[in-house]
Amino acid sequence: MTSEPFLATPQRRRTCWHALFTLVVLVAVVWLARRHWAVLETGAVRLAVADRGWLLVAAAATLVTWPCSALAQQGAVPLRLPPGRLVSGQFAASAANHVLPAGLGAGAVNLRFLIRCGMPIAAAATAIAVKGTAGAILRGALIAVLLFAAGPGLLHLPHVSGGVLIIGCAVVAGTIVLLSGPLWPRCRRALAAAWAYIVAVHARPARAAALWGGSLAFVTLHCAVLIAVTRAVALPLPPARVALLYLAASTAAALLPTPGGLGSLDAVLVLALAAAGAPATAAASAVLGYRLLTVWLPLIPGLIVLAVLVRRGAL
């Protein structure tokens, strides 16, 4: 009877530290919002009188993101999933992702959905990891393509000191030593199982095409949403630069465990657009419009769909 609380203590500590870090990030964002409230207010006013045609284009692109996410998830699973429940599950997962930090909401919803569809928990977790890895690879590939096509001056990387490089190399070396020690047999078995699963998925061309095509479409559509909003508010930046800034900012914001990147992505993206030459008010209104379409408007309907799926036993 006394062992369960003892075993749960490390997880509770991690959860507490995770929640504390999230709170610190959100407090910092609120402080920045109060400090630059005039810019945010002007950006909101500018968004209210934005071009309705471009906003409709952005809304249409947002609606297609969830079927694309469902297509990518189907591509990561060998068995056939029910299409209607799959799309509904992705819509609900996106809402849950804006409630829990660092992608935990979407991961939990997708894991529960795949288990309900008859997959073992290990295979379901691997399928979610495969989908996430494909998205990360494509995001990095798009950044590389945009940098190569537009030249190195399109994105200004921050200067990294020698001390930071030394610390980074030490962390990598320590990780390699740790994994090559007692943990290596377990890691090798896990990697072997994951590789076998990936091979099984890619042995079916239709599944591989769905995985990579859906992941590519999902990332591209999010770039298209922000580009359309920047057109609506007359933000003077070329689409390729907006797409690159979004990809870089969303990748950096993913390192901060706030719910759905709330606060972290907003701040990083506004700073990135402003640093690229956009007026502060236009950058703020573009980010506000992007978040309104992708987060705030779908949030309540997504949570309702989540509740319905749970009530019906689909999750």
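## The span of residues 210-234

In this predicted model, the C-alpha atoms at the two ends of residues 210-234 lie 35 Å apart. The span is 92% helix and 0% strand. Residues 210-234 also appear in the UniProt record, in an unreviewed entry, as one of the stretches annotated "transmembrane region". The other stretches given there are residues 15-33, 53-72, 136-154, 160-179, 240-256, 268-287 and 293-310.

Another of these annotated stretches, residues 268-287, has its end C-alpha atoms 10 Å apart. Its composition is 80% helix and 0% strand.

## A positive phi at A234

Residue A234 is found in the loop that links α9 (205-232) to α10 (239-253). Most residues other than glycine have a negative phi. The phi of A234, however, is near 60°, a positive value in a residue that is not glycine. Is A234 buried or exposed? A234 is exposed, because its relative accessible area is 53% and the cut-off for this class is over 50%.

## The chain as a whole

The protein chain contains twelve helices and zero strands. Read along the sequence, its pattern is therefore written as α-α-α-α-α-α-α-α-α-α-α-α. Of its 315 residues, 37% count as buried.

Contacts also join parts of the chain that are separated in sequence. Among contacts between residues at least 6 apart in sequence, 76% join residues at least 24 apart.

## Helix α3 against helix α4

Two packed helices are described by the angle between their axes and the distance between the axes. Helix α3 (residues 52-75) packs with helix α4 (residues 83-97) at an angle of about 110°, and the axes are 8 Å apart. The two helices are therefore roughly perpendicular, since angles of 65 to 115 degrees fall in that class. The crossing of α3 past α4 is right-handed.

On the α3 side, the residues that meet α4 are W66, S69, A70, Q73 and Q74. Their counterparts in α4 are L86, V87, Q90, F91 and S94. By class, this contact of α3 with α4 has five nonpolar, five polar and no charged residues.

## Q73 in helix α3

Q73 lies in helix α3 and takes part in the contact with α4. With a relative accessibility of 1%, Q73 counts as buried, because the cut-off for burial is under 20%. Which residues does Q73 touch, not counting those up to four places away in sequence? The residues touched by Q73 are L86, Q90, N110, L114, A127, I128 and K131. Of these, L86 and Q90 are among the α4 residues that meet α3.

## Helix α12 against α4 and α3

Helix α12 (residues 280-311) packs with α4 at an angle of about 120°, with the axes 8 Å apart. The helices α4 and α12 are therefore oblique to each other, and α4 passes α12 in a left-handed crossing. From α4, the contact is made by S88, G89, F91, A92, A95 and A96. From α12, it is made by P298, L299, P301, G302, L303, V305, L306 and L309. The classes in this contact of α4 with α12 are eleven nonpolar, three polar and no charged residues.

Helix α12 also packs with α3, at an angle of about 70° and with the axes 10 Å apart. This angle makes α3 roughly perpendicular to α12. The crossing of α3 past α12 is right-handed. Residues L55, A58, A59, T62 and W66 of α3 make the contact with L293, T294 and P298 of α12. The residues of this contact of α3 with α12 comprise six nonpolar, two polar and no charged. W66 of α3 belongs both to this contact and to the contact with α4, while P298 of α12 takes part in the contacts with α3 and with α4.

## Two positions in helix α6

G140 is placed in helix α6 (residues 121-150). Its relative accessibility of 37% means that G140 counts as partly exposed. The C-alpha atoms of G140 and A248 are separated by 8.9 Å, and these residues are 108 residues apart along the chain.

V145 also lies in helix α6. V145 is exposed, with a relative accessible area of 52%. The C-alpha atoms of V145 and L244 are separated by 9.5 Å, and these residues are 99 residues apart along the chain.

Note on methods: Residues numbered from 1 in each chain as written. Predicted model: local features only at pLDDT ≥ 70, side-chain atom pairs only at ≥ 80, totals over all residues. Heavy atoms only, no water. Axes fitted to C-alpha atoms, helices over the stretch in contact; angles between N-to-C directions. Helix = DSSP H or I, 4+ residues; strand = E, 2+ residues; numbered from the N terminus. Parallel < 35°, antiparallel > 145°, perpendicular 65-115°, else oblique. Left-handed = near helix turned anticlockwise from the far one by under 90°. Contact = heavy atoms within 4.5 Å. Nonpolar A, V, L, I, M, F, W, Y, C, P; charged D, E, K, R; others polar. UniProt positions renumbered as here; feature names shortened; annotations may be inferred. Buried < 20%, exposed > 50% of the residue type's maximum accessible area, 1.4 Å probe, protein only.
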